[in-house]
Amino acid sequence: MGKFNKGGKKEMPELNTSSLPDLVFSILFFFMCITHMREETAKVLVNTPQATEVVKLENKSLVTTVLVGKPKDKKYGVESLIQFNDDFLDIENVVPKMTQQRQSMKEVDQPKMQVSMKIDRDTKMGVVTDLKTQLRKAQCLKISYSAKKQIRRVSK
Amino acid sequence: MARKKRKAPSINSSSSADLAFTLLIFFLVVTSMDTDEGLTRLLPRWTDNQEQTQEIKKRNILNVLVNANNDLMVADDIANVEDLCEKAKNFIKAEGEYAGDRGPEYIQAKAEKNPELVQYFGADVKTPKNHVISLQSDYGTSYEMYIKVQNELVAAYNQLRNELAQSKFGKPYDEEELSKEQMQAIKDYYPMNISEANAKY
């Protein structure tokens, strides 16, 4: 019959961790692939409003983002400013900049260009309306008011 | 001297996991997976001649005004944002307080123009295609309030479209549930006509 070794203390076999680096590296590569570095640093404070009926903007390559808000650095004043690609944008320069941006896109994508306006919730509508007028002049007619998703509470 | 053949000592690789972890955590932090969301709109084309106006019958317009104090006015009455969705729905359907004498004139047939609508809703379909919701804001209106109002209006359309899809096709108004033609038919039935007039100075 079998022997039962009661007295001998058995040690737990050590777990082989030699494949752990490979595992971690594969996760690392996954994140490296999906990461795209944020090119622009926000110079304005933007806290977008909440809305329940938001739709996701598909296809990031078609979307151009414009930020509107109060500048973080007080030396630029306290009035709301427009930021586009790392730089403040004067309202007169919206049309040439947007036209330039459109020309840098693929030709098939140009009519599908979409402008996402990330606007701070405390902004006055005057700035927004001016920006919208300029966008119309620049033929950027597809716009999106960027907002955070919120669950709609059911009334009644 | 007799030389021993020595094996090259293997490099201790137990720390490479830690190294990889550090890199991993770095990329985890800098990765932004956020997708942009928002209320999408199609702006009207810019024309140099801004005098060019479109004649719309007064009864087909729902005026929504937001002033600099963020007060809301809907069709000559002060209103709450919470009631706006219901009011807009009633207006589009020409029901409730907006029924009056509008009825058949307001809701006009567009059957011959749209073959998809004929297919799904019959030849003598009448849809509220002529309505316009005119949203006017002031220079001093806050953007938060403006988005709230916009959101309520979009909600009104979404609810109407959803109700129609449920009653017609028995499915919610959703791209995954309905076919492309069905989606388009419902969109044509309740077209989103929101006019964002320029701010008043």
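Where chains A and B meet in this predicted model, 47 residues of chain A and 42 residues of chain B take part in the contact. On the chain B side, α1 (16-30), β1 (37-42) and α5 (143-169) each chip in at least two residues. Sorted by class, that side of chain B has 20 nonpolar, 15 polar and seven charged residues.

**Strand pairing across the chains**
- Strand β3 (residues 55-56) of chain A pairs with β1(B), running antiparallel over two bridges.
- Which residue of β1(B) stands opposite A:Lys56? That would be B:Glu37.

**A buried strand in chain A**
- Why is strand β7 (residues 114-119) of chain A described as largely enclosed by the rest of the structure? Six of the six residues in β7(A) are buried, so the label fits.
- In a regular strand, side chains alternate between the two faces of the sheet.
- From β7(A), A:Gln114, A:Ser116 and A:Lys118 point one way, while A:Val115, A:Met117 and A:Ile119 point the other way. Whichever way they point, all of these residues are buried.

**Neighbors of β7(A)**
- Strand β4 (residues 63-71) of chain A lines up parallel with β7(A) over six bridges, and A:Thr64 sits opposite A:Val115 of β7(A).
- Strand β8 (residues 142-146) of chain A also pairs with β7(A), in the parallel sense over three bridges. Here A:Ser116 has A:Ser144 of β8(A) as its bridge partner.
- Helix α3 (residues 125-137) of chain A joins β7(A) and β8(A) in making a right-handed β-α-β unit.

Terms used. Residues numbered from 1 in each chain as written. Chains lettered and ligands numbered in written order. Predicted model: local features only at pLDDT ≥ 70, side-chain atom pairs only at ≥ 80, totals over all residues. Contact = placed C-beta atoms within 7 Å. Helix = DSSP H or I, 4+ residues; strand = E, 2+ residues; numbered from the N terminus. Nonpolar A, V, L, I, M, F, W, Y, C, P; charged D, E, K, R; others polar. Pairing = 2+ DSSP bridges. Buried ≥ 20, exposed ≤ 12 C-beta atoms within 10 Å, placed from the backbone. Right-handed = clockwise from strand over helix to strand, strands pointing away.
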